[in-house]
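Reader: I would like to go through the labels attached to this model and hear the reasoning behind each one. Please set each value against its cut-off.

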Amino acid sequence: YGLKLGLTVDEIYELSKIDRWFVDNMRQIVELEEQIRKYANRKPQSAIRIPPELLGKAKQYGFSDIQLAYLLNSTERKVRSLRKKCNVRAVYKLVDTCGGEFKASKPYYYSTYETRNESEPSPSKKVLILGGGPNRIGQGIEFDYCCCHASFALKEEGVESIMVNCNPETVSTDYDTSNKLYFEPLTVEDVLNIVDIEKPLGVIVQFGGQTPLNISGELAKAGVKVLGTSPDSIDSTPYFSSIPSFIKK
């Protein structure tokens, strides 16, 4: 907010003692945000007018589709559609689990907005499993246990298991739990980016707790096959507070 109010990097440093390097990086993000706002629509239904070069720069700076939708007075779906039309797509870089000593049989991947993609999808049958993300009250290790066993079961059936999770404190993100691991946030945007690359048979959302359940509806609307319980059935399930009356019925 200090940068938006017009304070300089030096002034913020003197007030906060936050290193100038960090403040200057935040300044660049704030200035880019102001550039993006210039292309905001007057009406949400209007076509997005942001130039492809600026859109690509925004993604490299870490702006999510939903953030861009807010700044442009549009929708996340429209931003995603424009990105794909302009070929502004996430690519995946490999984290070598063997430190270059020899070829890693089970590396894992993270996304960035560059040109070279290091994730090479196999032609095998494959299924995405969405993990639980960060541990929260009421959502913890029990869901990670379920995700791990889902991965083991898929491999026993000859199906390639692809785990999507962003919590390094879980067993599901161990390099040998699944055939492939994407260390990514559990958002609609990030999951759809992986689906575009891997083209799986479907996605399992039921074992990761509330985080993947919350995005199952949007994934289904985007054409992703949700395996098992349908998003409509998930949404119609009563909340915990109404379970006693539900059981009585």
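Reader: What makes the contact between the side chains of Glu-33 and Arg-37 a salt bridge?

Author: This is a predicted model, and in it the N to O distance for Glu-33 and Arg-37 is 3.2 Å. The cut-off is 4 Å between a side-chain nitrogen of Lys or Arg and a carboxyl oxygen of Asp or Glu, so the pair qualifies.

Reader: Where do Glu-33 and Arg-37 lie relative to each other?

Author: Both are in helix α2, 4 residues apart, which is about one turn of the helix. An α-helix has 3.6 residues a turn, so residues three or four places apart point the same way. Glu-33 and Arg-37 also belong to a network of salt bridges that links them with Lys-4 and Glu-34.

Reader: Why is Glu-33 called buried?

Author: Its relative accessible area is 13%, and buried means under 20%, so Glu-33 is buried. Arg-37 has 34%; that value falls between 20% and 50%, so Arg-37 is partly exposed.

Reader: How do you know that Glu-218 and Arg-77 form a salt bridge?

Author: Their closest N and O atoms are 3.4 Å apart, and the limit is 4 Å, so the pair counts. The pair links distant parts of the chain, with Glu-218 in helix α8 (residues 210-221) and Arg-77 in helix α5, 141 residues apart.

Reader: Why is Arg-77 called exposed?

Author: Exposed means over 50%, and Arg-77 is at 51%, so the label applies. Glu-218, at 32%, is partly exposed because its value lies between the two cut-offs.

Reader: What makes Lys-126 and Glu-198 a salt bridge?

Author: Their side chains meet at 3.2 Å, N to O, so they satisfy the 4 Å limit. Lys-126 lies in strand β3 (residues 126-130) and Glu-198 in helix α7, so the pair ties together parts that are 72 residues apart in sequence. Lys-126 has 2% relative accessibility, and Glu-198 has a relative accessible area of 2%. Each value is under 20%, so Lys-126 and Glu-198 are both buried. A search of the whole structure gives 19 salt bridges.

Reader: Why is Cys-148 not counted in a disulfide?

Author: The closest cysteine sulfur to that of Cys-148 is in Cys-147, at 7.0 Å. A disulfide needs the two sulfur atoms within 2.5 Å, so the distance is too far for a bond. The search of the whole structure finds 0 disulfides.

Reader: Is Cys-148 buried or exposed?

Author: Cys-148 is at 5% relative accessibility, under the 20% cut-off, so it is buried. Cys-86, with 27%, lies between 20% and 50% and is therefore partly exposed.

Reader: Why is Ser-161 called buried?

Author: Its relative accessibility is 0%, under the 20% cut-off, so Ser-161 is buried. Ser-161 sits in strand β4 (residues 160-165). Leaving aside residues up to four places away in sequence, Ser-161 touches Val-127, Ile-129, Ser-151, Leu-154, Lys-155, Ser-178, Asn-179 and Lys-180.

Reader: Which residues of helix α3 are buried, and what covers them?

Author: In α3 (residues 52-60), the buried residues are Leu-54, Leu-55, Gly-56, Ala-58 and Lys-59. Their cover includes α2 (20-37), α4 (65-71), α5 (76-85) and α7 (188-198). After α3 comes Gly-62, with a positive phi near 100°.

Technical notes: Residues numbered from 1 in each chain as written. Predicted model: local features only at pLDDT ≥ 70, side-chain atom pairs only at ≥ 80, totals over all residues. Heavy atoms only, no water. Helix = DSSP H or I, 4+ residues; strand = E, 2+ residues; numbered from the N terminus. Buried < 20%, exposed > 50% of the residue type's maximum accessible area, 1.4 Å probe, protein only. Contact = heavy atoms within 4.5 Å.
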